[in-house]
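Biologist: Could you take me on a close look at one helix of this model, and then show me how the rest of the chain is arranged around that picture? I would enjoy a connected walk through it.

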Amino acid sequence: PKGIIADKKIKSGIKKYVSQKNVIDRVSMSVSEDGGTFYEDEIYLKDSNLYFLIQTDNMKKLRPVIKYIAEKGFGANKSTGRGQFEAEIIEDSKNKFLKEIRDNLAKNSNLKVNIGKYIPSKNEVEYEESMYELEVFRSKIEDRDEFRGANLDKPRITQIKEGSVIKVKDNNKKYYGGIYNIKKESEQNIYHYAVPFFLNMMEVE
């Protein structure tokens, strides 16, 4: 479908640039007295699509959120005009997209291939029978306007990477992982989303 699989006739291109930027103190929101610059690689996509999957029973609540992000921009450099995109929401009410994937996978299995960020809840994983890689991840609070002048750094999070094979203890759960309260800033709770997107995997003896 459009927006998920790109038409082969489209000539897509990826361009990479190096840009110079000022070092800004995120607390005082100003340049230090001795100045300072740094260089950063920027990647631009032409005639290309990026997509993500959402599994929900209430798309009505998420639709305005996605449109808001599209209008405001996404990512670290949205304040300088980066991260701009047009949102196209494709609802798969009959689960056709997932069905095409899952028809080629095990119908029911304790082995899961993780294609998202995952922080397991307590007693959820058989670690000795899983194959996984950990990563230390750190991000910033996304809404810089609302938290202007605050500490935008989130604490470091250790999570299971994409591509890991996880053996779960309970195969009947609807959702794994969780949404974790990791920080309080400007009297507001900051959360980290770590509910994975799992695909069932066949276990071969």
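**A close look at helix α1**

Modeller: Gladly! Of the 205 residues of this protein, 28% count as buried. Please keep in mind that the model is predicted. Its mean pLDDT is 79, with 81% of the residues at 70 or more. One stretch calls for caution: over residues 1-11 the pLDDT stays under 50, and the model has 13 contacts beyond four places in sequence for them. Where pLDDT is low, the predicted coordinates should not be read in detail.

To place the helix, let us begin with the overall plan. The secondary structure comes to two helices and 11 strands. Along the sequence the pattern reads β-β-β-β-α-α-β-β-β-β-β-β-β. Among contacts between residues at least 6 apart in sequence, 66% join residues at least 24 apart. The accessible surface comes to about 15500 Å², and carbon and sulfur atoms account for 51% of that surface.

Now to the helix itself. Helix α1 covers residues 59-72, and at 1.5 Å a residue its 14 residues should span 20 Å; the C-alpha atoms at its ends are 20 Å apart, so the model agrees with the expected span. Which residues of α1 are buried? They are M59, I66 and A70. Because these residues cover an arc of only 40° around the axis, they sit on the same side of α1. An α-helix has 3.6 residues a turn, so residues three or four places apart point the same way. On the face turned away from that buried side, α1 carries the exposed residues K60, K61 and E71. Just after the helix comes G73, which takes a positive phi of about 100°.

I66 deserves a pause of its own. This residue belongs to helix α1, and its relative accessible area of 13% falls under the 20% cut-off, so I66 counts as buried. Leaving aside neighbours within four places in sequence, I66 is in contact with I54, M59, A87 and I89. One of these partners, I89, is 23 residues away along the chain, and its C-alpha atom is separated from that of I66 by 8.5 Å. Another partner, M59, is itself one of the buried residues of α1.

From the helix we can turn to the nonpolar cores. In soluble globular proteins, nonpolar side chains tend to be buried together. Here the largest nonpolar core has seven residues: Y118, V125, I160, I166, V168, Y176 and F198. A second, separate core has five residues, including I141, A150, L152 and I190. Within the largest core, I160 is a good residue to follow. Not counting residues up to four places away in sequence, I160 touches N114, G116, K117, Y118, P120, Y132, E133, L134 and I166. Among those partners, Y118 and I166 are also members of the largest core.

The strands give us some residues to set beside I66. D41 lies in strand β4, which covers residues 37-46. Its relative accessible area is 48%, so D41 counts as partly exposed. Not counting residues up to four places away in sequence, D41 touches K16, Y17 and V18. K16 is 25 residues from D41 along the chain, and the C-alpha atoms of the two are separated by 6.8 Å. In strand β9, residues 178-185, we find K184. With a relative accessibility of 54%, above the 50% cut-off, K184 counts as exposed. K154 is 30 residues from K184 along the chain, and their C-alpha atoms are separated by 9.6 Å.

Finally, let us return to backbone angles, where G73 already caught our eye. Most residues other than glycine have a negative phi, and most peptide bonds are trans. N123 has a positive phi of about 55° although it is not a glycine. This residue is placed in the loop between β5 (111-114) and β6 (134-137), and at 59% relative accessibility N123 counts as exposed. S186 is not a glycine, yet it has a positive phi of about 55°. S186 is found in the loop between β9 and β10 (188-194), and with a relative accessible area of 42% it is partly exposed.

To come back to your helix: α1 has its buried residues M59, I66 and A70 on the same side, while K60, K61 and E71 are exposed on the face turned away.

Notes: Residues are numbered from 1 along each chain as its sequence is written. This is a predicted model: local features need pLDDT of at least 70, side-chain atom pairs count only at pLDDT 80 or more; totals for chains, interfaces and linings use all residues. Side-chain values use heavy atoms; hydrogens and water are left out. Helices (H or I, at least four residues) and strands (E, at least two) are DSSP runs, numbered from the N terminus. The expected span of a helix is 1.5 Å times one less than its number of residues. Buried means under 20% relative accessible area, exposed over 50%, partly exposed in between (1.4 Å probe, protein chains only). The arc is that of the directions from the helix axis to the C-beta atoms. Contact means heavy atoms within 4.5 Å. Accessible areas come from the Shrake-Rupley method with a 1.4 Å probe; for residues, only the protein chains shown count as cover. pLDDT is the predictor's confidence in each residue, from 0 to 100. A nonpolar core is a set of buried Ala, Val, Leu, Ile, Met, Phe, Trp, Tyr and Cys residues joined through side-chain atoms within 4.5 Å.
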